[in-house]
Amino acid sequence: MSSTPSTAVTGFAAWWQAIRRDRKATIGAIILAVFLLVAGVGPWLVGDPDALVGIPLQPPSTSHWLGTTGQGQDVLAQLVAGTRVSLAIGFGVGLTVVLVGALVGVTAGYLGGRVDALLSLLFNVFLVIPGLPLAIVIAAYLPSGPLTLGFVLVVTGWAWNARVVRAQTLAQRKRDFVAAAVVAGESSFRIVTREILPTMTSLLLAQVIGSTVYAIGAQVGLEFLGLGDVSTITWGTNLYWAQNDSALLTGAWWTFAPTGLCVALVGFGLTMLNSGFDEITNPRLQLERAWRAHLRLRGEEPTRSTPVVMDVG
Amino acid sequence: MRFVLRRLGFYLVAAWAALTLNFFLPRLMPGDPASALFARFAGRVSPEALQALRETFGLTDASIFSQYVTYLRHVLTGEFGISVAYFPTPVSTVIGTGLFWTIFLAGSAVLVSFTLGTLLGILAAWRRRGWVDTWLPSTFVFLGAFPYFWLAMVALYVFGFLLGWFPLGHAYGDDLAPGFNLTFLTDVARHAALPIATVVIATLGGWLLTMRNTMIGVLGSDYVNLARAKGLTPSRVVLRYAARNALLPSVTGFGMALGYVLGGSLLTEIVFSYPGQGYLLVQAVRNQDYPLMQGIFLVITLAVLGANWLVDLVYVWLDPRTREAS
């Protein structure tokens, strides 16, 4: 196991190697892969989720592994069908949120001056207005469906990313390579897309993951309130119907427990992947890890110490 | 002082933005759904309510500017129109019934979560790679991945339904009259315990990790080393020297997390049929009670903005640099 960051391999292969080397990232990647597989091929294996297959609210049995809902549908089939829709919305929104945030953040940070003041005010206002009530008010006025849901989640979710990207852009702008590009006469657009944004790849990737976690959670919450299209099957509407059919007061735990576990597992997997990436891309954590490995090699117990003498050993 | 005033100015702008958004949203709505809505409501509600709805949607003869001025005047005097779901009660009265419970629930949950999470974060950084540091962060990150309201459902099912330790819903028993006496207060506490606990469990991890990570950075800084070298007791170094400074990012995050926690706590209220804003919000969504929805949005937003300003005051008290700048 080498402790130096791999520089020989680039792109996808490098990430693949990095994921495999970090335990957290590996766990996260496996969880995520399972869910993507379920979302991809699962719906063909479990049958029609809308079909009324048995007596309502039956506990798990061999014929219905996760029991039946209050309407007599198969819980497992609904869970699998919901996985596809919920993950699609989650990743779609996660990507869009980061795109919007990066666009606003880079514009504000690079142009500076009045544009910056105005855009900063805008995202700071959006940050401080509570998201869920705003999302509810907007969603209530639009026709219910995945597009509305996605739109609402982007509106309430972009501000944080914009703020982080702006701060990062400000830091990068002062550096020599940007100054060199300006002197070389490159256009602002080129400087932003070719010089500044590439330095933030790992940050943006982390943001996509974080935003996807947010999007899945918020989406489930809004649908639980009945603001989604309650006739499409998603994780959120499953929980909505479970609450509506008073699953809790009849003890039908199987109608809500599996869905929540899935939401949490996906969220946990993504978070693990993210902290794994952080450990890979954050130079300080890298140094610390190398230092600990170094100490262990010499039979010493790693304690709190600063790895300033790394190269001596 | 200047910092405090500048922040106040910002919150006023934010409040104005929320008010304006609230005003234009129904007016930006595509025309057809609005008339469809009226067609649906026509038989169900009285002409006065219909008129109130028309005003909400801007379907009056007045110019948009004069509508805006009227709207602002109404909001400033606490007049949010008439609720459709609870007709003919005014929205402000409906909101008033649930406001205390929401502030009580979300407020105590945030305070408990912040205090406990921060203390555990200090402990984790202090005893690095100890028991707390190894197990608690990952456990709470995992728990934090669950939707709040789902944790609430599980807690209600296990501790309310199966074990019967806690009541299944509402803020206090039906057989009790609200009053400032021990029986009533214990009953309120018993009803609030599960909702508060679920929000605390779902949010604790964030505070813990923020505090732990900042503490680790601060504990390595020179002034802390100097304090150690002077021979001060470890607890004094950690609590008085390191923790006070490490607290700053958490306090900054506190204001920002308020809105988020409040959102989750609204959903938790629904699971526990807790009579706060969340419960009202569901009624509003189910009955398409737009005036009530907008009223709740405004009240919650203003409450969060106010709380944020209070947090800023705490920040000024904690960080001398903000005071010296003025």
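Contact means heavy atoms within 4.5 Å of each other. The exercises below concern a predicted model, in which local features need pLDDT of at least 70, side-chain atom pairs count only at pLDDT 80 or more, and totals for chains, interfaces and linings use all residues. Residues are numbered from 1 along each chain as its sequence is written, chains are lettered from A and ligands numbered from 1 in the order in which they are written, and side-chain values use heavy atoms, with hydrogens and water left out.

**Exercise 1. Describe the make-up of chain A and of chain B.**

Solution.

Step 1. Count the elements; helices (H or I, at least four residues) and strands (E, at least two) are DSSP runs, numbered from the N terminus. Chain A has twelve helices and zero strands, while chain B has 13 helices and zero strands.

Step 2. Assess burial, where buried means under 20% relative accessible area, exposed over 50%, and partly exposed in between (1.4 Å probe, protein chains only). In chain A, 46% of the 313 residues count as buried. In chain B, 49% of the 326 residues do so.

Step 3. Examine the contacts by sequence separation. Of the contacts in chain A with a separation of 6 or more, 65% are between residues 24 or more positions apart. For chain B, 73% of the contacts between residues at least 6 apart in sequence join residues at least 24 apart.

Step 4. Give the accessible surface, computed by the Shrake-Rupley method with a 1.4 Å probe; for residues, only the protein chains shown count as cover. Chain A exposes about 15,200 Å², with carbon and sulfur atoms supplying 65% of it. The surface of chain B comes to about 15,500 Å², and 68% of this belongs to carbon and sulfur atoms.

**Exercise 2. Characterise the packing of helix H9 against helix H10 in chain A.**

Solution.

Step 1. Two packed helices are described by the angle between their axes and the distance between the axes. Axes are lines fitted to C-alpha atoms, for helices over the stretch in contact, and angles run from 0 to 180 degrees between N-to-C directions.

Step 2. H9 (residues 201–224) and H10 (residues 235–244) of chain A pack at about 35 degrees, and their axes are 7 Å apart.

Step 3. Identify the residues. H9(A) contributes A:Ile216, A:Val220, A:Glu223 and A:Phe224, and H10(A) contributes A:Trp235, A:Gly236, A:Thr237, A:Leu239, A:Tyr240 and A:Gln243.

**Exercise 3. Determine the surroundings of B:His191 and of A:Asp116.**

Solution.

Step 1. B:His191 lies in helix H8 (residues 182–219) of chain B. The residue counts as buried because its relative accessibility is 9%.

Step 2. The side chain of B:His191 reaches the backbone oxygen of B:Asp187 at 2.8 Å. Beyond neighbours within four places in sequence, B:His191 is in contact with residues including B:Pro167, B:His170, B:Tyr172 and B:Tyr274.

Step 3. A:Asp116 is placed in helix H4 (residues 113–128) of chain A. With a relative accessibility of 10%, A:Asp116 is therefore buried. Apart from neighbours within four places in sequence, A:Asp116 is in contact with A:Ala108, A:Gly109 and A:Arg166.

**Exercise 4. Locate B:Ser273 and B:Val314, and state the exposure of each.**

Solution.

Step 1. B:Ser273 belongs to the loop between helix H10 (234–271) and helix H11 (277–286) of chain B. Its phi is near 40 degrees, a positive value in a residue other than glycine. B:Ser273 counts as partly exposed because its relative accessibility is 26%.

Step 2. B:Val314 is found in helix H12 (residues 290–318) of chain B. B:Val314 is partly exposed, its relative accessible area being 39%.

Step 3. B:Val314 and B:Leu185 are 129 residues apart along the chain, and their C-alpha atoms are separated by 29 Å.

Notes:
A polar contact is a pair of N or O atoms within 3.5 Å; within protein, one must be able to donate a hydrogen and the other to accept it, and residues adjacent in sequence count only if both atoms are side-chain atoms.
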